[in-house]
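User: I am in my first year and would like to understand how the terms used for a protein structure follow from its numbers. Could you go through this one with me, term by term?

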Amino acid sequence: MINMQQTARVGLFFLLGLALIWVTFETLSGGKVFKDKGYQIVAGFESLKELKEGDDVRMAGVKIGTVASTRLAGRRAEAVLRIDSDVKIKEDATASIVMSGLIGTNYIGVDLGSAGAGDLRPGAEIHTKVTPDINSVMTQLGSLGAKLEDTLGSLGTAMNGNGKGPGLLQKIDKLVSDNGENVTATMANVRQVSEKLNKGEGTLGKLINDPKLHDDLVASVAEIKSTATEARNFVADAQNIVDQVKAGRGTLGALVYDDTTGNNIKVTAANLRSVSDKLARGEGTLGKLINDDSTLRDAQAVMKKANTALDGLGDSGPITAVGIVAKSLF
Amino acid sequence: MKQLIQILEGLGSTLQLLMRAASYAGTLPRQIGRFVEQCYTIGYTTLPIVAILSFFIGSVLALQSGHAAENFGPKQFIGLLVGLSMAAELGPVMVAVLLAGRVGSAIAAELASMKVYQEIDALETMNIPPARILVLPRLAAILVMMPVLTIIADLVGWFGGAIVAKYTHFISIEPESYFATMRQYMEFRDVWNGLVKAEVFGFVIVLVSCNIGLNTRGGPREIGASVTRAVVVSLILILVLDYFVTKALM
């Protein structure tokens with residue numbers, strides 16, 4: 001006896017199972033019934049490092065195939081790459097082994113190549129390049145560490161000194177310990193000063209703390225400013241005078257810059273000098289007058305005579321008087 | 001020595017039963033009613049327990065691997081781990097174990113009681129071979145139902161893992177990322193191998209249970225013994241065959 005409801009449930013259940021299998025298949029295999037065999041190319045390397053069968057082949061990060069097999073060929077290692085048939089690799093593209101993690105998961109990265117180049121044929125060999133692996137990076141890090149250690153060691157020697165002489169730190173230490181007292185005293189002074197400043201003692205303290213002083217100072221500054229303005233005017237005037245002098249205008253200008261005036265003065269000075277020389281030597285009337293006592297005495301005598309004559313002249317008239325003076329003079 | 005002979009006897013009788021049932025394969029279309037009934041019992045009624053069990057297996061897989069991965073990092077591979085484990089191993093094996101307990105025992109009990117109460121003898125007297133009407137529909141039903149149950153177990157397990165991975169605070173992986181690693185690193189072949197395995201397990205469970213039930217001798221006490229034996233032999237065969245089938249499929 002067939003229960004129709006039972007049959008329907010079984011049928012539905014079976015169809016559900018088939019549908020689920022189909023969905024899983026679509027999701028995991030991308031709907032390809034048979035795996036795309038693709039085509040194979042060969043990549044030769046010095047060392048395949050951690051690369052193994054089944055690892056990805058990626059172009060610009062997109063998976064385009066897998067490593068089909070690895071083998072030793074003569075003095076190098078070869079990886080046979082299975083590439084999806086819808087992907088074309090350019091002839092000048094380069095393959096390299098790339099690490100995707102620290103724990104040995106590698107893949108082969110293929111670059112895009114140049115746009116104009118032809119496509120690589122199945123079975124052909126692709127260009128390869130060596131990339132540094134974790135071991136060589138570690139080696140470099142090790143040598144870097146050694147250098148760093150050397151540098152730090154010599155820095156340490158410079159700081160702490162070697163057996164022969166004191167290092168920078170010792171020198172600083174000595175400097176500080178030798179001058180400790182001075183430094184302390186200075187600091188004490190500085191402290192004292194700052195305390196006074198804070199309390200408003202002394203000029204600076206008042207300046208800082210007293211608003212009146214500040215106002216005075218501002219006023220003084222204003223005064224200084226106006227004085228400075230006047231001084232500037234004065235200097236400008238002086239400059240003007242100097243300019244006029246330089247231009248040879250006015251008495252001073254003529255005196256300084258006019259040659260004729262100078263020459264006149266020189267000539268005058270020479271004349272004066274020759275006159276004074278003559279006077280000193282007793283030449284000429286004035287010189288004799290100055291230097292020769294006899295003239296004075298003569299004059300005195302003359303004067304006496306004249307006096308006498310004048311006394312006697314009272315009656316003789318002026319002509320006689322002139323004759324007497326002339327006689328006594330010559 | 002006696003036990004070895006028993007094992008060989010059991011193997012031989014099972015193979016003979018298989019041959020007899022296979023020889024009646026042509027009669028299956030005429031037994032469609034029995035076939036559907038068996039499909040219903042074996043497949044449809046087993047679905048809830050398969051779903052519940054695989055959901056929690058997937059969840060606990062994600063939880064455990066997430067907890068272990070917490071300390072060293074590769075949490076994003078939890079999806080792959082749960083996916084592969086469920087599809088390749090835990091899905092088929094857990095469904096098979098469930099079937100051994102639920103269906104294998106039922107088959108053994110039914111056939112053993114029929115044998116003990118001489119119904120089998122009556123059938124044979126009427127020239128109706130038990131292999132034709134009792135064994136063949138069950139074998140056919142399990143072959144049809146097993147992949148369905150297994151794919152449901154796989155998917156429910158995956159989703160269980162995804163839910164745990166998203167909502168457990170120390171894992172916190174979005175379902176997109178969880179299924180992305182699965183899609184990236186898994187192939188349908190992994191799932192397909194699991195389905196093939198499950199098919200082998202189910203077929204063996206039903207065949208062995210039928211054989212043990214039909215070979216029951218003695219009184220009603222022997223029925224219970226047959227059921228126990230059917231379940232134990234099925235479980236042992238599942239795990240032994242698991243190894244060899246996995247190796248053969250690699």
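**From values to terms**

Analyst: Thr94(A) stands opposite His127(A), which belongs to strand 7 of chain A. This is a predicted model, and the pair is a good place to begin. Strand 5 of chain A, residues 94-99, and strand 7 of chain A, residues 125-128, run parallel and are joined by two bridges.

User: What makes strand 5 and strand 7 of chain A a pair?

Analyst: Two strands pair if at least two bridges are found between them. Strand 5 and strand 7 of chain A are joined by two bridges, and therefore they meet that requirement.

User: In what order do the strands of the barrel in chain A follow one another?

Analyst: Seven strands of chain A close into a barrel in the order 1-4-3-2-6-5-7, and the pairing is mixed. Neighbouring strands of this sheet are turned against each other by 40° on average, with direction ignored.

User: Why is the pairing called mixed?

Analyst: Both senses of pairing can be found around strand 2 of chain A. Strand 2 (residues 56-59) pairs with strand 3 (residues 62-73) of chain A in the antiparallel sense over four bridges, whereas strand 2 pairs with strand 6 of chain A in the parallel sense over three bridges. On the antiparallel side, Asp56(A) has Thr66(A) in strand 3 as its bridge partner; on the parallel side, Met59(A) stands opposite Val110(A) in strand 6. Strand 2 and strand 3 of chain A also form a hairpin with two residues between them, and Ala60(A) in the turn has a positive phi of about 50°.

User: How do you know whether Val110(A) is buried or exposed?

Analyst: The step is a count of C-beta atoms: a residue is buried if 20 or more others lie within 10 Å of its own. Val110(A) has 28 C-beta neighbours inside 10 Å, and therefore counts as buried. Val110(A) lies in strand 6 of chain A, residues 106-110. Leaving aside neighbours within four places in sequence, Val110(A) is in contact with Val57(A), Met59(A), Ile89(A), Ala93(A) and Ala95(A). The C-alpha atoms of Val110(A) and His127(A) are separated by 9.5 Å, and these two residues are 17 apart along the chain.

User: What share of chain A counts as buried?

Analyst: Of the 330 residues of chain A, 9% count as buried. Chain A has eleven helices and seven strands. Among its contacts with a separation of 6 or more, 49% are accounted for by residues 24 or more positions apart.

User: What makes up chain B, and how much of chain B is buried?

Analyst: Chain B has nine helices and zero strands, and buried residues make up 47% of its 250 residues. Among contacts in chain B between residues at least 6 apart in sequence, 87% join residues at least 24 apart. The mean pLDDT of chain B is 91, and 99% of its residues reach 70 or more.

User: Why are helix 1 and helix 8 of chain B called roughly perpendicular?

Analyst: The axes of helix 1 (residues 2-23) and helix 8 (residues 188-214) of chain B come within 9 Å and cross at roughly 105°. Angles from 65 to 115 degrees count as roughly perpendicular, and therefore the two helices of chain B receive that description. Helix 1 brings Ser13(B), Thr14(B), Leu17(B) and Leu18(B) to the contact, and helix 8 brings Leu207(B), Val208(B), Cys210(B) and Asn211(B). By class, these residues divide into five nonpolar, three polar and no charged.

User: What makes Gln118(B) and Asn127(B) exposed?

Analyst: A residue is exposed if 12 or fewer other C-beta atoms lie within 10 Å of its own. Gln118(B) has 11 within 10 Å and is therefore exposed; Asn127(B), with 6 inside 10 Å, counts as exposed by that rule too. Gln118(B) sits in the loop between helix 4 (78-116) and helix 5 (119-125) of chain B, and Asn127(B) in the loop between helix 5 and helix 6 (130-167) of chain B. Phi of Gln118(B) is near 65°, a positive value in a residue other than glycine, and phi of Asn127(B) is near 60°, also a positive value in a residue other than glycine.

Methods: Residues numbered from 1 in each chain as written. Chains lettered and ligands numbered in written order. Predicted model: local features only at pLDDT ≥ 70, side-chain atom pairs only at ≥ 80, totals over all residues. Axes fitted to C-alpha atoms, helices over the stretch in contact; angles between N-to-C directions. Parallel < 35°, antiparallel > 145°, perpendicular 65-115°, else oblique. Contact = placed C-beta atoms within 7 Å. Nonpolar A, V, L, I, M, F, W, Y, C, P; charged D, E, K, R; others polar. pLDDT = per-residue confidence, 0-100.
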